[in-house]
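Visitor: I'm new to this one. Could you take me through a single part of it, up close?

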Amino acid sequence: MTLDEIREIARIEADREEGYRHRINVCVAAGCLSCQSASVKEAFEKEIAKRGLENWCRVKGVGCLGLCSGGPLVAIEPAGILYHTVAVSDVSDVLEALDDGPLDRLVCSGEMPFFKRQKRIVLENCGRIDPERLEDYIAAGGYQALHTALTRMSPEEITREIEKSGLRGRGGAGFPTGLKWSTVAKADNETKFVICNADEGDPGAFMDRSVLESDPHRVLEGMAIAARAVGANHGFIYVRAEYPLAVKRLKKAIAQAEHAGFLGNNIFHTPFRFDINVRLGAGAFVCGEETALIASIEGKLGRPRPRPPYPAEAGLWGYPTLINNVETLANIVPIIREGSQWFAGIGTEKSKGTKVFALAGRVNNTGLIEVPMGTSLREIVFEIGGGIKEGKQFKAAQTGGPSGGCIPEHSLDLPMDYESLAQVGSIMGSGGMIVMDETSCMVDVARYFMEFCRSESCGKCVPCRVGTTQIHELLGKITNGTGTAEDLTKLEELCDLVKHTSLCGLGQTAPNPVMSTLRHFREEYRAHIEDRFCPAGVCRMGRGKEGE
Amino acid sequence: MEALKPIAMKAQDETSKRIDDPRWRRVNRVMRLHGYKPNALIETLHMVQDTFGFLELETLKYVAQTLQVPLSRVYAVATFYHFFTLKPPGRHTCVVCMGTACYISGAANIIGDIEQSLHIGPGETTADGAISLVTARCLGSCGLAPAVVLDGEIKGKITPAEILETLERWKTDDAG
C-alpha cells in the first residue's frame, strides 16, 4: 500500500458517501446493542428496500454515539440530526421525516450541552465510521499518520513529538508517555515488545471498550507508531474476555490491516515490520498492573512482582517492553497528524489534551464523554450530565474506581486534571465517573470497593491480602450497626499501613475509597457508629446482631 | 531437550486420540497455533471453556500434558482467574452486574430477590441444573444500570420483576 493508494481509497469512499442523499448511522456499540439497536438497523434496511430507496439512503452500523441513556441512537447525515430511543416501530416515521426535517418526538437537540461541551479527539471517529470496515477508517484519514511516522520521521523524532505534546498515560497514574517511550527506545536489545493494556478492570469504566468497539484501527495504528518509535517488532493487546464484541472487532481489524499491509513485513515499503496478537484476560483485576499483565500474557498467574526492574528494561519474557493503555494509544494518531503544539494547546498546564469519561450513576445523561483536561466537575455533572436524576441532591462523584475516591459537593468546581484530583484524595484513574445522590451511603460505597479489592487481591503480599480483609470486616461492622469509635481509629491505621506497605498499585491504592470518604463524609461514619443510623437508608442496621 | 522427547511424543498420541472430535479439534488448534508453548495455557483454557462450558479435571490433565506444564500450575491458573469455572453451568445462566453504577442502582437487591427465588447464591447452580446465578465485576454497560445478562443477552435498566419473570419461565420451560 502506498500513500496514493490510501488517498484513492479515501476519495472513492467519500464519493460513494456523497452519492447518498441521506445516510443513516445506527449505533451498534454494546450499550445500544443491549437496547436492541441491531433489530432497529435491520428494520431500516428492510424498510428502505421495501420503499426502493436504496440509491438515496444507506444504513450503516457505527460505534458509540455517546449518549447511552438515550439508546438506541440513530444519527442522520448530512442533516446532522440525532434521534434517541428509536424503536423498530419508529423506523417508517423516521424515513418519512427524512426530507421534511426532524421528527420532533425523537430528536435530540444538537444544542444540548451534552454534545456542545465536548471536545472529541480520541472519540473523533466513534459514531462516524463503521468499525468493521477498514475503508471507513481510511476515509477518515486512517493510516496516514503511520505513513508520516515511517517515511518522514525518525524514531527519535516521533518520541520527541510525543514528549513535547505533554501526553500522559490515561490508564490511571498519568506517567508521561514520551518519557516511557524514550526509556524503552534507549534499552539496548534486538527484541522489544509493545503491549496495549485493554484490561479495563475498574467497575464503572467503559471508555476503552467503546474505543475498541468503535474505532479499533485507531489503536492498531497508534501501536504501530509506538513500535516504530521504540524499535519493537511485536505487539500484544491484552483485552478482557468479558468484552466479546471488542475482541471480535479487534481480531477482524488486525486481519484487515495485515491483508492491506499496514501490519506485517515492509509496511509502506519500508524495512519496518510489526505484528499484533490478541491475548484474552481472564477476569483478574490485578492484571491491569503492568508486571501482573506481563505474567498473564506469559500464561502464568497474574501476580505482580517488585519493580525495578521496570518493564521498560525487563518486561515480557525479560525483553524491554512498552505498555500503554488504549486511550493513550488512541491519542497518538492525532498528535502525529496535527503536531505536538496543537495537542499541548489543549487542557491545563500539566495535563494536556482531553480525557474520556464514562459518565454513569445518578445523572440524567449517562454515556461516554470526552472533555478537555481541566473541565470542572460541575460542568460535567450539571451541564453535560444534565443534572441529577429525579431532581435529587448531588452528594459525590466517584472517580478512579476501587483505586480512587469520592469528590464531595464543595469540590464541584474542581478542574479535572491529575494534580487537582490527587489533592482531594482521588485519582484520575482510567476515566470511570459515577455520580451519587442522597440515596447512596458513603460508608456502604467504601465497603463495596473494599469488598472488590479484597476479592481481587492476588494474595502475594501480606498487607494487601490480610489488610483488605480486615478493613472490609471493620466496614461490615460499621454498616451493620455494631461498629465502635475504636474501630474508626483502627480503620484509619490499617488504611495507612496497607497504603504504604503493599507491593503493587492494587494494595497501595485500595484504601483510597475509605480514606476519601472518611475525609469528606466523616459525619456519615459517625452516624453509623454513634447513632446506629444510616442517613441514606441503605444499611440495614442491626442485621449483624440477628445474623450472629 | 532429549529427555523431554518421550513426553512430547506421549502428548502427540493423546492429541491424535482426540482428533476426531470437532470440539477437541478446536482446542488442539489453539495449542498448535501457539507451537505447543507453555504460554498458550490461558488461551487454551479459554477455548476449552468456550467449547465445553467449563474446565473438567480430565481436560486440565490433557492440556497440562500437551503443553508440558505441571498440572499444579494449570490448576493454579484455572482457579486464580475468575473467568474460569470448574463447575458445569446450568442450562440457563443469569449474570448480574455488580459494577459501581449497577451497585448504586440496586444490584444488591436484585441479587437478593434472585437468591430468594432460586434458593442459591452467586456462583451456584440450582439442584436440577436448570439455572446458574453468576455475578460480574462490571459489564461496562454502566449507562444502562442496573444491567444483567440473561442467556447471553444483555438487558439494561432492568427491574427485579422482569428478571423474576424470566427465571419463572426458565423454570417451567424445563419442567415442560
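How many residues of domain 2 of chain A are in contact with domain 4 of chain A?

Guide: Happy to help, and keep in mind that this is a predicted model. On the domain 2 side, 9 residues are in contact with 8 residues of domain 4 of chain A. Sorted by class, the side of domain 2 of chain A that touches domain 4 has 6 nonpolar, 1 polar and 2 charged residues. As for how the two domains sit, their C-alpha centres lie 36 Å apart.

To place them along the chain, the domain assignment of chain A puts domain 2 at 141–343 and domain 4 at 442–547, with domain 3 (346–437) between those stretches and domain 1 covering 3–110.

Now for the contact with the other chain. Here 34 residues of chain A are in contact with 32 residues of chain B. On chain A's side, α2 (30–33), β8 (275–280), β10 (354–361) and β14 (432–437) each supply at least two residues, and β10(A) gives the most, with 3 residues. That side of chain A divides into 17 nonpolar, 13 polar and 4 charged residues.

One last stop is a sheet in chain A. Its 5 strands form an open sheet with mixed pairing, in the order β2-β1-β3-β4-β5. At the edges are β2 (57–62) and β5 (107–108) of chain A, each pairing on one side only. Strand β1 (residues 22–27) of chain A pairs with β2(A) in the parallel sense, over 6 bridges. If you want a spot to zoom in on, find C27(A), whose bridge partner in β2(A) is V62(A).

Methods
Residues are numbered from 1 along each chain as its sequence is written. Chains are lettered from A and ligands numbered from 1 in the order in which they are written. This is a predicted model: local features need pLDDT of at least 70, side-chain atom pairs count only at pLDDT 80 or more; totals for chains, interfaces and linings use all residues. Two strands pair if DSSP finds at least two bridges between them. Helices (H or I, at least four residues) and strands (E, at least two) are DSSP runs, numbered from the N terminus. Two residues are in contact if their C-beta atoms, placed from the backbone, lie within 7 Å. Ala, Val, Leu, Ile, Met, Phe, Trp, Tyr, Cys and Pro count as nonpolar, Asp, Glu, Lys and Arg as charged, and the others, Gly among them, as polar. Domain bounds come from an automatic or database domain assignment.
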